[in-house]
Amino acid sequence: MKKVIISVHVPKTAGTSFAVWLESVFGSGQIVRDNADRPIDPKSEMNVDPAGFLSRYGAARQLPKGALVAHGHFWAKKYERIE
């Protein structure tokens with residue numbers, strides 16, 4: 001079983017530079033950019049309804065075939081079932 005990297009980009013921590021580095025190491029085809037959750041927005045779905053959010057987006061979450069990295073602004077718990 002292949003291992004993957006789940007990388008949460010916390011604002012103002014050089015996450016964009018880190019994403020560029022990840023692409024240089026793994027190639028852009030093996031990286032999933034996930035910026036949809038808006039974790040610092042108090043009105044985002046994940047903050048308004050966390051249990052509902054996870055039931056809709058977390059339980060069956062899988063990376064696309066061949067992907068080795070998920071990187072972006074997202075709730076890490078969404079990927080908790082990926083080894």
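**Exercise 1. Place strand 3 in its sheet context.**
Task: determine in which sense strand 1 and strand 3 pair, and over how many bridges.

Solution.
Step 1. Take strand 1 (residues 5-8) and strand 3: the two pair in the parallel sense, over four bridges. The model is predicted.
Step 2. Pick one residue of strand 1's partner register: I6 stands opposite A70 in strand 3.
Step 3. Turn to strand 2 (residues 31-33). Three bridges join strand 2 to strand 3, and the two run parallel.
Step 4. Find the partner of R33. The bridge partner in strand 3 is H71.

**Exercise 2. Classify the faces of strand 3.**
Task: decide whether the faces of strand 3 (residues 69-72) are covered or open.

Solution.
Step 1. Look at one side: V69 and H71 are buried.
Step 2. Look at the other side: A70 and G72 are buried.
Step 3. Conclude that both faces of strand 3 are covered.

**Exercise 3. Analyse the ring pair F53 and Y57.**
Task: find how many aromatic pairs a search of the whole structure gives, then classify the pair of F53 and Y57.

Solution.
Step 1. The search finds four aromatic pairs.
Step 2. The ring centres of F53 and Y57 are 5.0 Å apart, and the planes stand at 50°.
Step 3. Apply the cut-offs: under 30 degrees is stacked, over 60 is edge-to-face, and the rest is tilted. The planes of F53 and Y57 are at 50°, so this pair is tilted.
Step 4. Check the sequence spacing. F53 and Y57 both belong to helix 3 (residues 50-57); they are four residues apart, so about one helical turn separates them.
Step 5. Compare burial. Buried means under 20% relative accessible area. F53 has 3%, so F53 is buried. Y57 has 37%, so Y57 is partly exposed.
Step 6. Extend the set. Ring pairs link F53, Y57 and W75 into a cluster.

**Exercise 4. Describe the surroundings of E23.**
Task: state which residues E23 touches, not counting those up to four places away in sequence.

Solution.
Step 1. Locate E23: helix 1 (residues 15-26).
Step 2. Assign exposure. The relative accessible area of E23 is 29%, so E23 is partly exposed.
Step 3. List the contacts: S28, I31 and R33.
Step 4. Add a spatial reference. E23 and L68 lie 45 residues apart in sequence, and their C-alpha atoms are 11 Å apart.

**Exercise 5. Do the same for S44.**
Task: decide whether S44 is buried or exposed, and name its contacts beyond four places in sequence.

Solution.
Step 1. S44 sits in the loop between strand 2 and helix 2 (45-48).
Step 2. Relative accessibility is 0%, so S44 is buried.
Step 3. The contacts of S44 are D37 and R38.

Key: Residues numbered from 1 in each chain as written. Predicted model: local features only at pLDDT ≥ 70, side-chain atom pairs only at ≥ 80, totals over all residues. Heavy atoms only, no water. Phe/Tyr/Trp six-rings, centres within 6.5 Å; stacked < 30°, edge-to-face > 60°. Buried < 20%, exposed > 50% of the residue type's maximum accessible area, 1.4 Å probe, protein only. Pairing = 2+ DSSP bridges. Contact = heavy atoms within 4.5 Å.
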